[in-house]
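User: I am new to this structure and would be grateful for a formal introduction to it. Please begin with the surroundings of the ligand.

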Amino acid sequence: MGLRLQTKATALLFLGVLGLMACGSSSPEGHEMPDAAGLDLANASRNYAMKCAMCHGEDGKPVLATAPDLRTSNMTVEERVAIIAYGKGTMPPHRNTLDMPSIRGLAVYIDKFTD
Ligand code: HEC
């Protein structure tokens with residue numbers, strides 16, 4: 001039973017990812033409405049608080065001494081997607097704990113820290 005549920009959840013997730021790749025504007029069912037760019041920034045805000053703020057700080061000002069200041073980061077969204085997904089040095093990879101739309105959402109969300 002548990003396994004069946006898990007399989008179903010995985011299939012739904014996969015369909016959601018496909019949907020996003022296909023048109024860039026649909027969102028998996030059960031999530032808040034995404035913004036105009038097709039990204040769920042409320043979800044990104046929650047993910048940031050849970051998975052990033054302990055090192056990068058709530059407002060991008062680093063808590064961990066070795067973490068870069070996200071307020072002055074000038075990486076492109078694509079570069080951020082790569083580092084969030086695959087990690088680098090002490091920055092942990094998140095591709096196994098976040099789906100691609102969420103990773104992309106975070107890469108755009110952290111833009112709000114830069115001036
Ligand atoms: C365990 C601490 C830690 C966590 C958790 C963490 N990071 Fe990082 N992050 C780092 C460190 C350290 C680096 C620098 C990596 C390097 O260049 O060697 C980094 C680099 C980055 C960079 C590149 C910035 C630049 O301009 O160089 C981005 C973007 C980033 N992290 C975003 C995130 C996001 C989004 C999350 C949450 C999903 C996150 N990080 C979670 C420690 C962390």
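User: How many residues surround the ligand?

Analyst: This is a predicted model, in which local features need pLDDT of at least 70, side-chain atom pairs count only at pLDDT 80 or more, and totals for chains, interfaces and linings use all residues. Residues are numbered from 1 along each chain as its sequence is written. A residue is counted as near the ligand if its C-beta atom, placed from the backbone, lies within 6 Å of it. The closest are C52, C55, S73, G89 and M91, and the number that surround the ligand is 22.

User: Which class has 13 residues in the shell around the ligand?

Analyst: Ala, Val, Leu, Ile, Met, Phe, Trp, Tyr, Cys and Pro count as nonpolar, Asp, Glu, Lys and Arg as charged, and the others, Gly among them, as polar. Three residues of the shell are charged and six are polar. The class with 13 residues is nonpolar.

User: How many helices are there in the protein?

Analyst: Helices (H or I, at least four residues) and strands (E, at least two) are DSSP runs, numbered from the N terminus. From that terminus on, the elements run α-α-α-α-α. There are zero strands, and the number of helices is five.

User: Which residues of helix α2 are buried?

Analyst: A residue is buried if 20 or more other C-beta atoms lie within 10 Å of its own, exposed if 12 or fewer, and partly exposed in between, with C-beta atoms placed from the backbone. Helix α2 spans residues 41-51, and its buried residues are A44, N47 and Y48. Seen down the axis of α2, these fall within an arc of 105° (taken from the directions from the helix axis to the C-beta atoms), so they line one face of the helix. The face turned away from them carries the exposed R46, A49 and M50, whereas the buried ones are A44, N47 and Y48.

User: Is S45 buried, exposed or partly exposed?

Analyst: S45 lies in helix α2. Because it has 14 C-beta neighbours inside 10 Å, S45 counts as partly exposed.

User: Which helix gives the largest share of the largest nonpolar core?

Analyst: A nonpolar core is a set of buried Ala, Val, Leu, Ile, Met, Phe, Trp, Tyr and Cys residues joined through C-beta atoms within 7 Å. The largest one has eleven residues, including A44, Y48, L106 and A107. The elements that give two or more residues to this core are α2 and α5. The largest share, four residues, comes from α5.
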